[in-house]
Amino acid sequence: MNVRIHPKKLSGSLVVPPSKSLSHRAIIAASLAKGKSIISNVILSKDILATIDGMRALGAEITINGNQVIIHGNSIERKSNLIDANESGSTLRFLIPIALVSNLPICFTGKNHLVHRPLDSYFEIFDSLGISYSHEEGQYLPLHIHGGLRPDTYHLRGDVSSQFITGLLYALPLLNGDSKIVITTELESKGYIDLTLDILKQFGIQIRHNNYQEFMIAGNQSYQPFNYTVEGDYSQVAFFLVAGALGADLKLYGMREDSYQGDKKIIQDILSMKGNLELHPEYISCRPGKTIGATIDFSQSPDLGPALTVLASLSEGTTEFVKASRLRIKECDRITCMKEELEKMGASIEENSDGMKIYGVDELHGAVVDSHNDHRVAMALAVASLKTKGDIVIMNAGCVAKSFPNFWDVFQSLGGDISYE
């Protein structure tokens, strides 16, 4: 599906979609708890549906009622030896260790870019534990695994992906002995680990850590049922705050000011660019105004890259993205792809291995651009329309279903003028 946008001002109020990161985590924890839990305020995006199906395969009984996910969990009782993660990196990396709590063979599959997203951190663990695994040459999926985790000390890099750490934090408390995770490099995306630890605590799992360098995990723990309501998603609110800075008039509801989400850094980033951010008790907004280039560190918030690339392209002066190499291993290479698409619209961007330099321009011009099948690239390009002269056609725009299935409906409801091609 392609979408044509005829640039118009956006205005109105929006309840920000719930956090995908927290939805994944809560559904998994509830599925591991013996008893009934209700997870409320869930958007059934493709990624979340992949996690639901994965936990069903591991034995949970899950029903859906509107925006509620009703879960009757248990200890892991395999109902299938196949888990399809679709395009969800979180589903794949979280569920691999959980599936290995039971010493039974399992196969993980996926689609599109996910088959090429690295799993080497787990392969190193498998090699050290003698767990057998196989995958096709040149890609990581399908992945066949036969073996089980055991209480041990696990060494993991902290600068590859926090998803590997989260997967082990979920699985190791279920083993019959104590374990430790030792982080061997600087920990990036610390906010995502905070989300994990907070959810685990609410579902009855206790984990101690030494300044995020070592995690001490007691075995023989049990997840407890818990009713949980998912808060608004800072990685999604980022697009609408950038829209506000570029000319929209939006009030954004549903955000927690004391959130553990690492992508809450969007507030700090926009303020560093002199954006007119307004924090009210019940909503946040960003009013139009001149934004200024700044240096932005992405080590803790790689999902903010596409939205901030758009804002930087339309800000005065030069913006530099640093510690941003993990943007390259998302649904697409978000450095190269954002440069490629925004330059079609008149932006001026230089990339390097660790980030990019963006030289601001006053406005962009219409063009045919490609989402590269990346939901965040598609939404960022839509927001760019606020300061674009001429229509934008976004190819493969249906990829927003990965995290925000009704994005285009919401865009229209706020005054966006779009047509489907």
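1. A good place to start is the open sheet of 4 strands, ordered β22-β23-β1-β24, in which the pairing is mixed. At its edges lie β22 and β24 (417-420), each of which pairs on one side only. On average, neighbouring strands of this sheet are turned by 15 degrees against each other, direction ignored. Please keep in mind that this is a predicted model.

2. Now to the pairings themselves. Strands of a sheet pair through backbone hydrogen bonds, either parallel or antiparallel. Here β1 (residues 3-6) and β23 (residues 388-395) are antiparallel partners, with 3 bridges between them. Two residues of the N-terminal segment illustrate this: R4 has V393 of β23 as its bridge partner, and I5 stands opposite I392 in β23.

3. β23 also pairs with β22 (residues 364-370), this time in the parallel sense, through 6 bridges. One of the matched pairs is V369 with I394 of β23. You can therefore read both senses of pairing off β23: antiparallel with β1 and parallel with β22, in keeping with the general rule that strands may pair either way.

4. What connects the parallel strands is worth a look. β22, helix α11 (residues 375-384) and β23 together make a right-handed β-α-β unit. Helix α11 packs on the sheet, where it touches β1, β22 and β23, and its direction makes about 160 degrees with that of β23.

5. Next, a helix elsewhere in the chain: is α7 (residues 234-245) largely enclosed or open? With 12 of its 12 residues buried, α7 is largely enclosed by the rest of the structure. The buried residues include the aromatic positions Y234, F239 and F240, together with Q236 and S235.

6. The length of α7 also checks out. Its 12 residues, at 1.5 Å a residue, should span 16 Å, and the end C-alpha atoms are indeed 16 Å apart, so the two values agree. If you wonder how the 12 residues lead to that figure, the expected span takes 1.5 Å times one less than the number of residues. After α7 comes G247, which has a positive phi, near 135 degrees.

7. Finally, a look at G130. Where does G130 sit? Its place is in the loop between α4 (120-129) and β8 (132-135). The relative accessible area of G130 is 63%, and since exposed means over 50%, G130 counts as exposed. Along the chain, G130 and H6 are 124 residues apart, and their C-alpha atoms are separated by 57 Å.

Terms used:
Residues numbered from 1 in each chain as written. Predicted model: local features only at pLDDT ≥ 70, side-chain atom pairs only at ≥ 80, totals over all residues. Heavy atoms only, no water. Pairing = 2+ DSSP bridges. Right-handed = clockwise from strand over helix to strand, strands pointing away. Buried < 20%, exposed > 50% of the residue type's maximum accessible area, 1.4 Å probe, protein only. Axes fitted to C-alpha atoms, helices over the stretch in contact; angles between N-to-C directions. Contact = heavy atoms within 4.5 Å.
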